[in-house]
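Student: Could you take a close look at the aromatic ring pairs in this one and walk me through how they sit?

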Amino acid sequence: IVILNRNAMSWTYDKNVGAFMGINDPAFLRFSGQVMGMVDDTTTNLLTRNFLSAVRLFSALKAAGLRYVVDPSSAYESLSRDMTAIDFVRFPVETLDAKSGDCDDLSVLYDSLLESVGVETAFITTPGHIFTAFHLGMSPELATRMFAKADDLIIRDETTWLPVETTLIDQGFMKAWQTAAVEWREGKANGAASFFTTREAWQIYAPAG
């Protein structure tokens with residue numbers, strides 16, 4: 001019997017990633033709570049609470065000194081293509097402590113932060129890559145009228161999602177959004193992009209306690 005460490009994961013089934021979203025850790029909740037308490041929400045039809053929360057938390061990760069780093073021995077790009085490989089995925093509080101991570105570590109961290117403040121999230125996978133999206137809190141009809149480029153959004157089952165490339169922490173939220181939108185459109189056009197919500201993943205793999 002081979003017993004693997006708690007950070008071990010096989011990408012045979014992408015929804016496994018839901019188990020790593022340990023959103024009840026006190027240190028983790030303290031971080032998200034402090035960030036959300038710094039600025040008052042002033043929402044509008046365009047700047048929904050979800051949108052403002054996503055921008056604020058993304059900016060907080062940059063301010064906290066987090067950065068994108070690829071571990072050659074545990075890179076999602078290569079390991080996700082090998083169904084027999086074992087990847088090393090950090091829990092959110094571990095990524096905060098390390099102040100760095102690859103695309104899966106940062107995606108798990110960002111989605112966990114959003115979920116901890118009540119914003120629904122999702123994961124997007126393309127060959128060799130994983131990034132995130134969050135529920136905009138706006139109907140598709142309103143979103144297509146309010147946003148200049150509606151194709152920068154994801155419309156799914158009468159809900160509106162905004163994609164975010166978490167590896168671009170140092171380049172700001174807008175760049176991360178624009179890049180993720182391009183990655184989603186190209187992946188969807190090639191039939192290579194997969195989208196699943198965090199709640200769908202949790203139905204099978206509940207977040208760790």
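Tutor: Sure, burial first: a residue is buried under 20% relative accessible area, exposed over 50% and partly exposed in between, using a 1.4 Å probe and protein chains only. Bear in mind that this is a predicted model, where local features need pLDDT of at least 70, side-chain atom pairs count only at pLDDT 80 or more, and totals for chains, interfaces and linings use all residues. Residues are numbered from 1 along each chain as its sequence is written, and side-chain values use heavy atoms, with hydrogens and water left out.

Now the rings. Phe, Tyr and Trp rings (the six-membered one for Trp) pair if their centres lie within 6.5 Å; planes under 30 degrees apart are stacked, over 60 edge-to-face, and the rest tilted. That rule gives 12 aromatic pairs. One of them is F20 with F91, tilted at 40° between the planes and 5.2 Å centre to centre. F20 sits in the loop between strand 1 (8-9) and helix 1 (26-36), and F91 in the loop between strand 3 (87-88) and helix 4 (92-98), so this contact ties together parts 71 residues apart in sequence. (Helices are DSSP runs of H or I with at least four residues, strands are E runs of at least two, numbered from the N terminus.) F20 is buried at 6%, and F91 is buried at 15%.

Then there's F58 with Y110: centres 5.6 Å apart and planes at 85°, so it's edge-to-face. F58 belongs to helix 2 (residues 49-63) and Y110 to helix 5 (residues 103-116), so the pair ties together parts 52 residues apart in sequence. F58 is buried at 1% relative accessibility, and Y110 is buried at 1%. Both rings also belong to a cluster linked by ring pairs: F51, F58, Y110, F134, F147, F173 and W177.
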